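Please walk through this chain from its overall make-up to its sheets, a pocket and a few individual residues.

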Amino acid sequence: MISSCGPSRLPLRIAVLSDNGIERDARILKEIAWAESQYATVHSFSLRQRGEAPVAEHLSDHARFRATHKAMSKGQAQAGMAGIPSLRPGHRPEITLRRLQLALAILGLITVGLALGAEFAGLPSWSMPIGAAMILLLAALIVWVQARLRNLAALTEISPKTGQPVRILEPWSAQYKQSHPLMQLVEDAIRADGPYDILHCHELVALEAGVAIKRRHGGKLIWDTHEIYEDMAEPDPGLAAVARKTIREAARDIDGVITVNDSIVDYYRDTHPDLPEATVVMNATPRSRMPENDGRLRGASGFGEDTRILLFQGGLTIHRGLQALVRSAADYPQGWGLVVLGNGVLKDELRDIAAQVNQQVGKERVRFLPAVPNAELAAWTAGADLGVIPYENVALNHWYCSPNKLWEYPAAGVPFIAPRHHFIGRLVDEYGTGFLFKSDFDAGDIARTVSEIDDAALSRARGAIPRFLDEMSWETFTPRIGALYERVLSTE
């Protein structure tokens, strides 16, 4: 416990916010487990896609899990962003000009009817002026809404990607569609159970929601930033501009920052000097006994004992070098095979490339397996001879990245190959747990690296793993979270 907070502050009430599915994020789950072991009262809040299966209400004995769907429409989001008031209590309305114009047309017809009635049917003479006044009011509302929406559509920000002003309506409304439902989810919990001492917000959408919560209900806000959002692999300059806008406008409400390595600390210090100095909590794994290889990976993939397995485990998404990885299998030495363990938007494309490779070499050298639960990942990984982290050097976020895989492979007793990016290269050079190829790699670079690794090299890399896991374990970094909580709670 953090003794300096005083008995009246314990146990703390902590809200963990994320726009990703918390139950699938290893880093967030580890932080929740640590926080509940220290403070007991931890509630987690996240978003889920329509159609996703429900999850248990409790992630553990203490941590309460709440989730909502990304249900807001674009019209609702833009109405909320423009400050158009709600007509339905508890909901942001999708007020469209079409509806207002329809109401104006109906009111106009009614007013014409009143005028004719006053002329020919003896209706009171004051009925038509009332109708005319209502038309003027509705017309003024339409003009006001049009002006607000025009201002919103014309809003620009300087994009860190290009250095030029770009329109940000689309990416900003997409972020608002996620942050507003997340904020409402937390507000519902506050109305039921009371405010939180700490709002621990992961990533950018949760930061925007957390700022709104803090301004309404108080509490200390910790921003846990895993990425460099202003220079992600996605090419859209509008996304980078919205990221900069969000961070800039949130800075005065952020009490503490956590990030994943020193390089990203330096980046935020240089680009956002108004943010608190970041605390480094790496994507490390807890100290634990390495899992035994129970044969599940080899059995599921169908590779025999005479084949060494190169494993990629993770999401099959863009800019992770996966097309080059699959193509590289065509040039592996005899006795090597590639297993791709995971799901994602690139799976069909990667299967097509693999079919070409398998046909070229005359055997099934590339095999695919579906994603497995996070709790089982280490046991599956233990069946590999070598892991791979082929992230492309397409943005600062990848150049500085320190993915979970840097720990997940060694925690299963498996060395890995990776590009010599800034942080990855430093870590491998220091601890020797893997093998590096050049940052701007192609399929040939991956294949050559695999070909050059012999039994002695694999043995040396495996022998380096225990020191790495001991010195760079999750337990090394969790005291830093406690110290940060203590520091922000002691300041008013």
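The paragraphs below describe the model and the terms used for it.

This is a predicted model, in which local features need pLDDT of at least 70 and side-chain atom pairs count only at pLDDT 80 or more, while totals for chains, interfaces and linings use all residues. Residues are numbered from 1 along each chain as its sequence is written, and side-chain values use heavy atoms, with hydrogens and water left out.

The chain has a mean pLDDT of 87, where pLDDT is the predictor's confidence in each residue, from 0 to 100. Of its residues, 88% reach 70 or more. Two stretches fall below 50: residues 1-9, with 12 contacts in the model beyond near neighbours in sequence, and residues 87-94, with 19 such contacts. A contact means heavy atoms within 4.5 Å. Where pLDDT is low, the predicted coordinates should not be read in detail.

There are 18 helices and 15 strands in the chain; helices (H or I, at least four residues) and strands (E, at least two) are DSSP runs, numbered from the N terminus. Of the 492 residues, 52% are buried, that is, under 20% relative accessible area, with exposed meaning over 50% and partly exposed in between (1.4 Å probe, protein chains only). Among contacts between residues at least 6 apart in sequence, 70% join residues at least 24 apart.

One open sheet holds 7 strands in the order β3-β2-β1-β6-β7-β8-β9, with parallel pairing. Two strands pair if DSSP finds at least two bridges between them. The edges are β3 (64-69) and β9 (279-280); each has a single partner strand, so one side of each is left without a neighbour in the sheet. Strand β2 (residues 41-48) runs parallel to β3 and is joined to β3 by 6 bridges, with R48 and H69 of β3 as bridge partners. Strand β1 (residues 13-18) is likewise parallel to β2 and joined to β2 by 6 bridges; here R13 stands opposite T41. Because 7 of the 8 residues of β2 are buried, this strand is largely enclosed by the rest of the structure.

A further open sheet has 6 strands, ordered β12-β11-β10-β13-β14-β15 and paired in parallel. Its edge strands, β12 (366-369) and β15 (434-437), each pair on one side only. Neighbouring strands of this sheet are turned against each other by 25 degrees on average, direction ignored. For such angles, axes are lines fitted to C-alpha atoms, for helices over the stretch in contact, and angles run from 0 to 180 degrees between N-to-C directions. Strand β14 (residues 416-419) pairs with β15 in the parallel sense over 4 bridges, and P419 stands opposite F437 in β15. Two helices that pack on this sheet can be followed from here. Helix α16 (residues 443-452) touches β10 (308-313), β11 (336-341), β14 and β15, and its direction makes about 145 degrees with that of β15. Helix α17 (residues 455-471) touches β10, β13 (386-388) and β15, at about 115 degrees to the direction of β15.

Next comes a pocket. The second largest pocket has a volume of about 450 Å³. On a 1 Å grid over the protein atoms alone, a pocket is an open set of points with protein on both sides within 12 Å along at least five of seven lines, and lining residues have an atom within 4 Å of a point. Grid points are joined across faces, edges and corners, and a volume is the space filled by probe spheres set on the points. Of the 17 lining residues, W172, Y176, E208, A212 and R215 are the closest to the pocket centre. The elements giving two or more residues to this lining are α5 (169-193), α6 (203-217) and α7 (237-250); α6 gives the most, with 6 residues.

Three residues in and after helix α13 complete the account. H398 lies in helix α13 (residues 396-399) and counts as buried because its relative accessibility is 10%. Not counting residues up to four places away in sequence, H398 touches A233, H319, Y391, E392 and H421. W399 is also in helix α13, but at 27% relative accessibility W399 counts as partly exposed. Among the contacts of W399, leaving aside neighbours within four places in sequence, are N393, H421 and F423. S402 sits in the loop between α13 and α14 (405-411) and is buried, with a relative accessible area of 3%. With the same neighbours within four places left aside, S402 is in contact with V260, N261, N283, W407 and F423.

Key:
On a 1 Å grid over the protein atoms alone, a cavity is a set of points where a 1.4 Å probe fits but cannot get out, and a pocket is an open set with protein on both sides within 12 Å along at least five of seven lines; lining residues have an atom within 4 Å of a point.
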